[in-house]
Amino acid sequence: MLNAGEFSDTANTWPITFAVYQLGTGCTDQPTNQFTIEQSDYSNGKAKVDVVGTHTMQKVYNNDALSTWAREPLKQGCFVKMVKGTYPQLSSALNESRGKKPRGWLHQGSLGYMVSNSNNIGEGTTNSGVWLVSGSAYKGNGFNVMPENFDRACVNFTARRAIAPTWYNEQDNYHAPDTSNPKYQEFVNDALVFTLFENASYQAAYRDEDWSNTNVPGKWANQWFWLPIGLVKEHVENDSNLNPIYDDLRGDQDRFIAKQIAHRSFSNEAQAVLDAAEKVWLETLPNRAMLFDDYPKYYLEAWDAGWFQIKQINHLYPAASYDQFRECFEKLKQKSGQLVYDLGMLNK
């Protein structure tokens, strides 16, 4: 196995192998193949090839693939598709698809849509290959996130986004996780938190006359909002500058994620992220009032405005706790990446 960049005018982000096949009879399946990692060297007028390591590629059949496993519960349910045009078709959290024929769709009761292209490391770490929105996505190659497959969707998202690609591993494919492993449930709960706050998680709330997933016309609930409505009310009800948020939450209820968090136990790393994110939310809250009129595209009057929307406030008025949040999230990401291997989703 060698780096493609060994050839001129060729990208150095993927591997090349030269293989010789021999037709055999009665062969047994070979689930893994080990390659030497080789690198050319030219010094003192002499050329040579050095072996700098080894890499094992593991065969992953479709019925054991992470991408298949994440979608499996959807095959067992009877879901009704929403009418197109009644929900946003998004290219990111706040940008509706324009000039493209949308391929995503939503089921009634959907929490959002997860683009999940292919099943390998390289595609998962690009912002076009794996991403999440609380509406639908213009891009296909994904699936609805429903309560029935919520945990699996978070595991899929985290496994695909937490691993750093190298030129020699980016074509490695993911297995479904070992759910009997004692570490599995902790990873599930860590994955919930990771999915909430990772950069390719584009969940947001919308207040648009054309879209509604509630009984209120023009109100698109963000089911990924993680804080309880009582906490939001406590901080906005006595601040006249935040009246639009208070008016928006009256008569509403906790979102799906907030209910899930209330009934789960989290690792120290995941809890630290939740605590730091709440601090950032509190610190950005007073500045929202200054942006209601100037940035209507952010829908900041929505009480359940998602993390992507909060980050837009933070870009303009940086929160003191944001660096702490980033440090906590990085620790969670490193832990999650290790658990991907511990649970057998990738081969070391």
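Strands here are DSSP runs of E with at least two residues, helices are runs of H or I with at least four, and both are numbered from the N terminus. That is how names such as β3 are used in the legends below.

**Figure 1. The whole chain, a predicted model with ten helices and ten strands.** The model is predicted, and its chain holds ten helices alongside ten strands. Measuring along the principal axes, the C-alpha trace spans about 75 × 50 × 45 Å. Of the 348 residues, 49% count as buried. The close-ups that follow pick out one region at a time.

**Figure 2. The largest pocket, with about 470 Å³ of space inside.** That volume of about 470 Å³ belongs to the largest pocket, and 15 residues line it. Look for A19, Y21, Q30, N33 and K59, the lining residues that lie nearest the pocket's centre. Two strands, β3 (32–43) and β4 (46–58), each put at least two residues into the lining. The largest share is three residues, and these come from β3. As for chemistry, the lining is a mix: eight residues are polar, six are nonpolar and one is charged.

**Figure 3. The β3–β4 hairpin, held in register by twelve bridges.** The two strands that help line the pocket also pair with each other, running antiparallel over twelve bridges. To get your bearings, find F35, whose bridge partner in β4 is H55. Two residues sit between the strands of this hairpin, and N44 takes a positive phi near 55°. Further along in β4's numbering, D50 and K48 meet through their side chains in a salt bridge, with N to O at 3.9 Å. D50 counts as partly exposed because its relative accessibility is 27%, and K48 is partly exposed too, at 46%.

**Figure 4. Strand β6, covered on both faces.** β6 takes in residues 112–116, and five of its five residues are buried. On one side sit G112, M114 and S116, with Y113 and V115 on the other, and all of them are buried. The strand has two antiparallel neighbours to look for. One is β9 (residues 142–145), joined to β6 by four bridges, with Y113 partnered by N144. Another is β7 (residues 130–133), which also pairs with β6 over four bridges. On that side S116 stands opposite V130.

**Figure 5. Helix α4, largely enclosed by the rest of the structure**. This helix runs over residues 184–197, 14 residues in total, and its first and last C-alpha atoms are 20 Å apart, close to the 20 Å expected at 1.5 Å a residue. Twelve of the 14 residues are buried, so the rest of the structure largely encloses α4. Among the buried ones you'll find the aromatics Y184, F187, F194 and F197. The buried set also includes N189, D190 and T195, next to aliphatics such as V188, L192 and L196.

**Figure 6. W281, a buried tryptophan in helix α8.** W281 belongs to α8 (residues 268–284). Its relative accessibility is 0%, so W281 counts as buried. For a reference point back in the previous view, try T195, which is one of the buried residues of α4. W281 and T195 are 86 residues apart along the chain, and 17 Å separates their C-alpha atoms.

**Figure 7. The salt bridge between K219 and D252, at 2.8 Å**. In this pair, 2.8 Å separates the closest N and O atoms. K219 lies in the loop between β10 (201–202) and α5 (229–236), while D252 lies in the loop between α6 (243–249) and α7 (256–262), so the bridge ties together parts that are 33 residues apart in sequence. K219 is buried, with a relative accessible area of 8%. D252 is partly exposed at 22%, since the cut-off for buried is under 20%.

**Figure 8. D247 with R250, and a shared salt-bridge network.** D247 forms a salt bridge with R250, and the closest N and O atoms are 3.7 Å apart. D247 is partly exposed at 44%, whereas R250 counts as exposed at 54%. Elsewhere, R207, K219, D248, D252, R255 and D304 are joined into one network by salt bridges that share partners. The count of salt bridges comes to 15.

Notes. Residues numbered from 1 in each chain as written. Predicted model: local features only at pLDDT ≥ 70, side-chain atom pairs only at ≥ 80, totals over all residues. Heavy atoms only, no water. 1 Å grid on protein atoms, 1.4 Å probe; cavity = no way out; pocket = protein on both sides within 12 Å on 5 of 7 lines; lining within 4 Å. Points joined across faces, edges and corners; volume = space filled by probe spheres on them. Nonpolar A, V, L, I, M, F, W, Y, C, P; charged D, E, K, R; others polar. Salt bridge = Lys/Arg side-chain N within 4 Å of Asp/Glu carboxyl O. Buried < 20%, exposed > 50% of the residue type's maximum accessible area, 1.4 Å probe, protein only. Pairing = 2+ DSSP bridges. Expected span 1.5 Å × (residues − 1).
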